[in-house]
Amino acid sequence: MNASPHTLNTLDTLSHATDYDPDSMSVDKARAFIRECLEPVCAVERVHLRDALGRVLAENIVSPIAVPGHDNAAMDGYALRFSDVVSGKETRLQRIGVSFAGHPFDGEIGSGQCLRIFTGAVMPRGADTVVMQEHTREEMGVAILAPNAVTSEGQNRRFAGEDIASGATVFTRGQRIHAAELGMLASLGMGEISVYRKLRVAFFSTGDELVSLGAPLASGQIYDSNRYALYGMLRQLGVEPIDLGVVVDQPEALEAALTSAADTADVVITTGGVSVGEADFIKAMLERLGKVLFWKIAMKPGRPLAYGMLGNAHFFGLPGNPVSAMAVFYQFVREALLILQGQTPAALPTFRATLTAPVKKTPGRTEFQRGVYTMEDGQCVVTPVSAQGSNILSSMSRANCFIVLPMDSGSQPLGAAVDVQPFHGLITS
Ligand code: AMP
Ligand code: MG
């Protein structure tokens, strides 16, 4: 389990630090605080290579072989000795055999000789260069190379170990396995590898107004969208999502849901119910169940955030507004889940883009406005989406990035350079 006296002590120590201000936590400070409390899962399991897709490596991978294992041809053509090539004129070489991929030629190439060879086939002893077949013709067992068909020694030859040297550390623990890594591991002949066990993340929505899919809406009710957006983000981070449904705003129901979630999962995430009006009764309950801190983050959207431990589980109480819930997830929960999975997360990909329209902003909080970035004449430009309300979920769907406006900055004019975080970079790990 991830909770430990270390985590509880850290929560205590940090929450008593002199610069700790729950009524105005900067995004960076909140992120750093959470980071201090995280200890990765350490349970490891051996899985078949295919099942390692999307998982986090729990071992360093040292290559037992060189890839490729032999020098081989990069082209279909003839393998020869560069020293036999006649400069500026036709070269005639006697063909003494053939090397196919998977069927090497056993002999050696002598002076004046060549070997028919195909892409990926092992280079024969004695040869150092391959000429492309397009620059040759063959007559009566003699290959005739056009003038200047070969220009340098070693041309069209791939070297043993040029992809991976034998004994090289190919991946280190904490690396996420994507498609290319799967292929690499296969190229090393590894059919099984060690990965960290999947992180179990339980989540539910709170709110009397929320209706689950399949039921009709009565007056004043809305469908619960947060649970689906959360499910999507969780799946893309490679955790095991445990959907606990909708829980009504009643202390007993909430307490039961939180307790059972904390018993079964490594992480518990809720949405709704942590805004100012509701915080007090939830606060009192969470204090009984564990150690949870309530923050007003200096960010927009997504001001309230609760973070702490419930029993052995990390707890994140996200705001109820759909855009706020997603923004807070992206900015805090994402990184925490990567760390807890044993991954070494890279900084979020961010680049500069030019605003195609002015944006309004009040200094004193970090804003994550939603925008659409595109390339125009080789320049990255970004257009804020029109509706920026924290309830307008369609703004997240229309956008492809956050426009990140730092704490101290104010409104920005058209043409200003701003930081942009692409959504796909936030989700992939
Ligand atoms: P709360 O944080 O509970 O005060 O909720 C703030 C706003 O978000 C309210 O308008 C809620 O109706 C809305 N909201 C809360 N939870 C959800 C949810 N799961 N799906 C959609 N909207 C929600
Ligand atoms: Mg609510």
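What follows is a guided walk through one protein chain, from its overall form down to single residues.

A word on ground rules before we set off. This is a predicted model, in which local features need pLDDT of at least 70 and side-chain atom pairs count only at pLDDT 80 or more, while totals for chains, interfaces and linings use all residues. Residues are numbered from 1 along each chain as its sequence is written, chains are lettered from A and ligands numbered from 1 in the order in which they are written, and side-chain values use heavy atoms, with hydrogens and water left out.

Let us begin with the whole chain. Its radius of gyration is 30 Å, whereas a compact globule of 429 residues would have one near 22 Å. Here the radius is taken over C-alpha atoms, and the globule rule is 2.2 Å times the number of residues to the power 0.38. Along the principal axes, the C-alpha atoms fill a box of roughly 95 × 50 × 50 Å. The secondary structure consists of 9 helices and 26 strands; these are DSSP runs numbered from the N terminus, with helices being H or I of at least four residues and strands E of at least two.

The chain is divided into four pieces: domain 1 (5-43 + 197-340), domain 2 (45-67 + 163-196), domain 3 (72-158) and domain 4 (351-427). These bounds come from an automatic or database domain assignment. If you want a sense of scale, the C-alpha centres of domain 1 and domain 3 lie 65 Å apart.

How is the chain packed? Of the 429 residues, 46% are buried, where buried means under 20% relative accessible area, exposed over 50% and partly exposed in between, with a 1.4 Å probe and protein chains only. Among the contacts with a separation of 6 or more, 72% join residues 24 or more positions apart; contact means heavy atoms within 4.5 Å.

The accessible surface comes to about 19500 Å², and carbon and sulfur atoms own 53% of that surface. Such areas come from the Shrake-Rupley method with a 1.4 Å probe, and for residues only the protein chains shown count as cover. As for charge, there are 35 positive and 44 negative side chains, and the centres of the two sets lie 3 Å apart. In this count Lys and Arg are positive and Asp and Glu negative, with His and the chain ends not counted; each charge is placed at NZ of Lys, CZ of Arg, CG of Asp or CD of Glu.

Now for some individual stops, starting with the loop between β2 (61-62) and β3 (72-73), where S63 lies. S63 counts as buried because its relative accessible area is 3%. Beyond its neighbours within four places in sequence, S63 touches I164, A165, S166, G167, A168, V170 and L188. P68 belongs to the loop between β2 and β3 as well, and the peptide bond leading from V67 to P68 is cis, with omega near -10°.

Another cis bond runs from K300 to P301, with omega near -5°. P301 sits in the loop between β19 (299-300) and β20 (304-310). For background, most peptide bonds are trans, and most residues other than glycine have a negative phi.

That brings us to the loop between β9 (142-145) and β10 (157-158), home of N148. Though not a glycine, N148 has a positive phi of about 60°, and N148 counts as exposed because its relative accessibility is 54%. N156 lies in the loop between β9 and β10 too, and its phi is positive as well, near 60°.

Next comes G238, in the loop between α4 (226-236) and β16 (240-247). With 15% relative accessibility, G238 is buried. Outside its neighbours within four places in sequence, the contacts of G238 are G54, R176, K198 and Q341. G238 and N226 are separated by 12 residues in sequence and by 18 Å from C-alpha to C-alpha.

A347 and E335 are also 12 residues apart in sequence, with 9.2 Å between their C-alpha atoms. A347 lies in the loop between α7 (322-340) and β22 (351-355), and its 71% relative accessibility makes it exposed.

Our last stop is M407, in the loop between β25 (401-405) and β26 (417-422). At 27% relative accessibility, M407 is partly exposed. Leaving out neighbours within four places in sequence, M407 contacts S26, A298, K361, P363, G364, R365 and T366. Measuring from C-alpha to C-alpha, R46 is 45 Å from M407, and 361 residues separate the two in sequence.
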